[in-house]
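Let's take a friendly walk through a protein structure together. Keep the picture open beside the text, and try to find each piece as it comes up.

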Amino acid sequence: MFPTQSGCPKCTGSSTETVELGRRGTLWTWTVQGFPPKAPPFIGATDPAHFQPFGVGYVELPGEVKVEARLTVADPDQLSIGMEMELVVIPLTTDADGNEVMTFAFRPVGEAASQETSDQESKGSANA
Amino acid sequence: MRDDVAIVGIGMHEFGRHDDLSGMDQGVIAVRRALADAGLKWEDMQFAFGGSAAAGAPDTMVSQLGLTGLQFINVANGCATGGSALFSAYNTIKAEVFDLGIAIGFDKHERGAFRVNTRGAGLGDWYGASGMALTTQFFGMKINRYMHEYGITQNTLAKVSAKAFRNGAQNPMAWRRKPLSEEEVLESAMLSYPLTQYMFCSPGEGGVALILARADKAHNYTDRPIFLNATVVRSRRFGSFEVLAPSIALEHNAGPTVDASKAAFEMAGIGPDDIDLAQLQDTESGAEVMHMAENGFCEHGEQEQMIQNGETEIGGRFPVNTDGGCLANGEPIGASGLRQVFENVLQLRGDAGIRQVPNEPKTAYTHVYGAPGISGVTILSR
């Protein structure tokens, strides 16, 4: 499961532990968010002058789980099911105090790295 | 075939946008139309189940309809709210608690895509904050994967939309009554690849009410009772791919629609080949395509030829969404599933006017799907 939760949706048990998930996988499916999401809950830019379409997909982490995430690519011609993806952390917006708010995302492996890859790991849970 | 609960009255308030009416007002109008259809009065109703996701507590309708003291229970079950009201009414009569009652659904949503309350859906705030938690994304991702696996083309998705708006143009209760060409559908704004604006339905407004009675007393109210042979609601199982899911298991489960469909056919004692027409959840045009197979009406991938050949048109071998579906009617959550049943009752009575399915259909099927991974199915016969 991602993110962590206290109960197991498969066996109905209530004993889970947190494990670190891998950082690479394959794109299982994807779309492109073409219009500004409603705010709230969205905290990114929603005015048409600043909104930029963004990719969303499920990345299959081998032997683990398919994780839903934003994608760094929003061009349908550059996305295809089965392509290799890797975890990155990207800026999402700037909060009221001027701090940059980050979120996790996946980018195609080999994409010219315009973002710095963070050392942070995504967190998931598995059965105890 | 079990035929012990009958639908003896139907009423609907036009779907669409109605600035002067609350959602509940539209529900009240639907109730009054259903009562008139059955030749009954509100005081004849022994019980009611009412559902609305965003337009108030249904049981407060009694202050407009009459304070008769009846048992009125509110149901709320996401996109299966209407189906759950009908399930509850059906089983109340089956259990011989009451003989005659009503299932009501209405709603009124703000414009634009559904705003998801992530915390209310058991999800973290981060999920919506980061730009996920949109139902439209799920539908784009599900059909994208499905097209990849089964060879469905984008032209077929456009054909589904064009059919919906063509059928809606023949339905005085529908919201979108202007036919659109496949080209217009394909050229509209790309909302969530590969789905364009006119491939998606919109949240909307409307109300539907259905009066149910014991089958052996149905002829007291109507000379054309329609029998409710199955009503089923199922939730998701581990491994299925559902709306609003931050992750999916690697192992595969076919999902709640497959489970609900199988249970409904078992309950009715018939199979998909026995069904003459169907109303299938078409939140977007790809959903109609996928739900044809998930409900057992064809194999995965066969839809491409079926739709290209016009088999799901009103005059085709297996008509689907004869009233224009969600695409032409919009989706007022509480009323949407009951709208499908309303249409099937009209078709089985032979009262569907210029969109009547030919050759006197005898059986009809409805299917709703929605958040958070729930499906409702009914089977009707005359």
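In this predicted model, helix α3 of chain B, residues 81–94, lies across eight named strands of that chain: β1, β2 (47–51), β3, β4, β7, β8, β11 (363–370) and β12 (374–381). The helix runs at about 170° to β4(B). Another helix, α1(B), made of residues 23–38, lies across β1, β4 (100–108) and β7 of chain B. Its direction is about 140° to β1(B).

**The sheet under the helices**

In which order do the 9 strands of the open sheet in chain B follow each other? The order is β3-β2-β4-β7-β1-β8-β12-β11-β10, and the pairing is mixed. At the edges are β3 (71–75) and β10 (277–280) of chain B, each of which pairs on one side only. From one strand to its neighbour, the sheet turns by 20° on average if direction is ignored. As a reminder, strands of a sheet pair through backbone hydrogen bonds, and they can do this in a parallel or an antiparallel way.

Now look at β1(B), which covers residues 5–16. Is this strand mostly covered or mostly open? Mostly covered: 10 of its 12 residues are buried. One partner of β1(B) is β7(B), residues 205–214, and 9 bridges join this antiparallel pair. Another is β8(B), residues 226–235, which is also antiparallel to β1(B) and is joined to it by 2 bridges. The table shows some residues that stand opposite each other, including one pair that links the two chains.

| Residue | Stands opposite | Strand of the opposite residue |
|---|---|---|
| B:V5 | B:R214 | β7(B) |
| B:A6 | B:A213 | β7(B) |
| B:A6 | B:F227 | β8(B) |
| A:K66 | B:I248 | β9(B) |

B:A6 is a nice residue to find in the picture, with B:A213 of β7(B) opposite it and B:F227 of β8(B) opposite it as well.

**Chain B as a whole**

Stepping back, chain B contains 12 helices and 12 strands. Why can chain B be called as compact as a globular protein of its length? Its radius of gyration is 19 Å, and the globule rule gives 21 Å for 382 residues; the two values are close, so the description fits. Along the principal axes, the C-alpha atoms of chain B fill a box of roughly 55 × 50 × 40 Å. Of the 382 residues, 61% count as buried. Among contacts in chain B with a separation of 6 or more, 75% join residues 24 or more positions apart.

**Two helices that cross**

Two packed helices are described by the angle between their axes and the distance between the axes. For α6(B), residues 154–168, and α9(B), residues 285–294, the axes come within 8 Å and cross at roughly 100°. These two helices are therefore roughly perpendicular to each other. On the α6(B) side the contact is made by B:T156, B:L157, B:V160 and B:S161, and on the α9(B) side by B:S285, B:G286, B:E288 and B:V289. Sorted by class, this contact has 3 nonpolar, 4 polar and 1 charged residues.

How many of the 10 residues of α9(B) are buried? The count is 10 of 10, so α9(B) is largely enclosed by the rest of the structure. Among these buried residues are B:H291 and B:E294. After the helix comes B:G296, which has a positive phi, near 95°.

**A glycine in a loop**

B:G330 sits in the loop between α11 (325–329) and α12 (333–349) of chain B. Is B:G330 buried or exposed? B:G330 is buried, because 26 other C-beta atoms lie within 10 Å and the cut-off for buried is 20 or more. Leaving aside residues up to four places away in sequence, B:G330 touches B:F15, B:G16, B:W175, B:C201, B:S202, B:P203 and B:G204.

**Where the chains meet**

Finally, 32 residues of chain A are in contact with 32 residues of chain B. On the chain A side, β2 (24–33), β3 (54–61) and β4 (65–71) each supply at least two residues. The largest share, 6 residues, comes from β2(A). By class, this side of chain A has 20 nonpolar, 7 polar and 5 charged residues. Strand pairing also crosses between the chains: β4(A) and β9(B), residues 247–248, form an antiparallel pair over 2 bridges.

Conventions:
Residues numbered from 1 in each chain as written. Chains lettered and ligands numbered in written order. Predicted model: local features only at pLDDT ≥ 70, side-chain atom pairs only at ≥ 80, totals over all residues. Helix = DSSP H or I, 4+ residues; strand = E, 2+ residues; numbered from the N terminus. Pairing = 2+ DSSP bridges. Contact = placed C-beta atoms within 7 Å. Nonpolar A, V, L, I, M, F, W, Y, C, P; charged D, E, K, R; others polar. Rg over C-alpha atoms; globule rule 2.2 N^0.38 Å. Axes fitted to C-alpha atoms, helices over the stretch in contact; angles between N-to-C directions. Parallel < 35°, antiparallel > 145°, perpendicular 65-115°, else oblique.
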